[in-house]
Amino acid sequence: MGCFSTAYAQSDSLHADALASNAVYAELGGPALYYSFNYDRMVIQSVGFRMGFGLVKGSDQHWSVMLPIFINLLPGANSWSSSNFEFDAGVVYHSSGVSIWYETANSSGLFYSLGLGYRYESADEGILFRITVTPLFFSDQIFPYGGVSFGWAF
């Protein structure tokens, strides 16, 4: 004779969520060139998006607004690790001409960037740290670049 039953257990609160759903952080370098302030939102456990804001002195000596918009992929995001590889891809809108090294975009427009890096984010809430390699794609030039980010996940 046998007995069948179903048991439900509570999840371990330390491992309930792989990553916090939201984050705000400052990035030095990165696709907005020199610095940016960013908001990051995880849509599902391993996919999210980010939007940012930065200012740089433009090629026409006016300030250029930099607006990075990216999709993030964290393929290793799970409930047992706060450390993950991060891949991202997106566009950066600039409101006027910008110069980086010897490449100049003379008017407003878009350039593209990809990112590959490391992300540490506390489970639930806490600190966020990112370090990425972010090549920039201006017209027919590709520039090796990178960034470091510090912030808060919630």
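Q: A charge sits over a ring if NZ of Lys or CZ of Arg is within 6 Å of the ring centre and within 35 degrees of the ring normal. Over the ring of which residue does the charged end of R50 sit?
A: This is a predicted model, in which local features need pLDDT of at least 70 and side-chain atom pairs count only at pLDDT 80 or more, while totals for chains, interfaces and linings use all residues. Residues are numbered from 1 along each chain as its sequence is written, and side-chain values use heavy atoms, with hydrogens and water left out. The charged end of R50 is 5.0 Å from the centre of the ring in question, and that ring belongs to F70.

Q: How many helices and how many strands does the protein have?
A: Both elements are DSSP runs numbered from the N terminus (helices: H or I, at least four residues; strands: E, at least two). Read along the sequence, the pattern is β-β-β-β-β-β-β-β-β-β-β-β. The secondary structure therefore comes to 0 helices and 12 strands.

Q: What percentage of the residues is buried?
A: A residue is buried under 20% relative accessible area, exposed over 50% and partly exposed in between (1.4 Å probe, protein chains only). The protein has 154 residues. The buried share of them is 40%.

Q: Which strands each supply at least two residues of the largest nonpolar core?
A: A nonpolar core is a set of buried Ala, Val, Leu, Ile, Met, Phe, Trp, Tyr and Cys residues joined through side-chain atoms within 4.5 Å. The largest has 12 residues, among them A32, V56, M66, F70, L136 and F138. At least two of its residues come from each of strand 4 (63–73) and strand 10 (136–138).

Q: How many residues does the other core contain?
A: In soluble globular proteins, nonpolar side chains tend to be buried together. Another core, apart from the largest one, includes A20, A23, Y25 and A153. The number of residues in this other core is 5.

Q: How far apart in sequence are the parts that R119 and D40 tie together?
A: R119 and D40 form a salt bridge (a side-chain nitrogen of Lys or Arg within 4 Å of a carboxyl oxygen of Asp or Glu), and their closest N and O atoms are 3.2 Å apart. Both residues are buried. Because R119 lies in strand 8 (residues 109–121) and D40 in strand 2 (residues 35–44), the parts tied together are separated by 79 residues.

Q: Is E86 buried or exposed?
A: E86 meets R119 in a salt bridge (3.3 Å, N to O). This pair ties together parts 33 residues apart, because E86 lies in strand 5 (residues 83–94) and R119 in strand 8. E86 also meets R130 in a salt bridge (3.0 Å, N to O). With a relative accessible area of 1%, E86 is buried.

Q: Which residues are linked in a network of salt bridges?
A: Side chains of opposite charge can pair when their charged atoms come close. The structure holds 8 salt bridges. The linked residues are E27, D40, R50, E86, D88, R119, E121 and R130.

Q: What kind of aromatic pair do Y35 and F37 form?
A: Rings of Phe, Tyr and Trp (its six-membered ring) pair if their centres lie within 6.5 Å; planes under 30 degrees apart count as stacked, over 60 as edge-to-face and the rest as tilted. The count comes to 4 aromatic pairs. The centres of Y35 and F37 are 5.9 Å apart, with 70 degrees between the planes, so the pair is edge-to-face.
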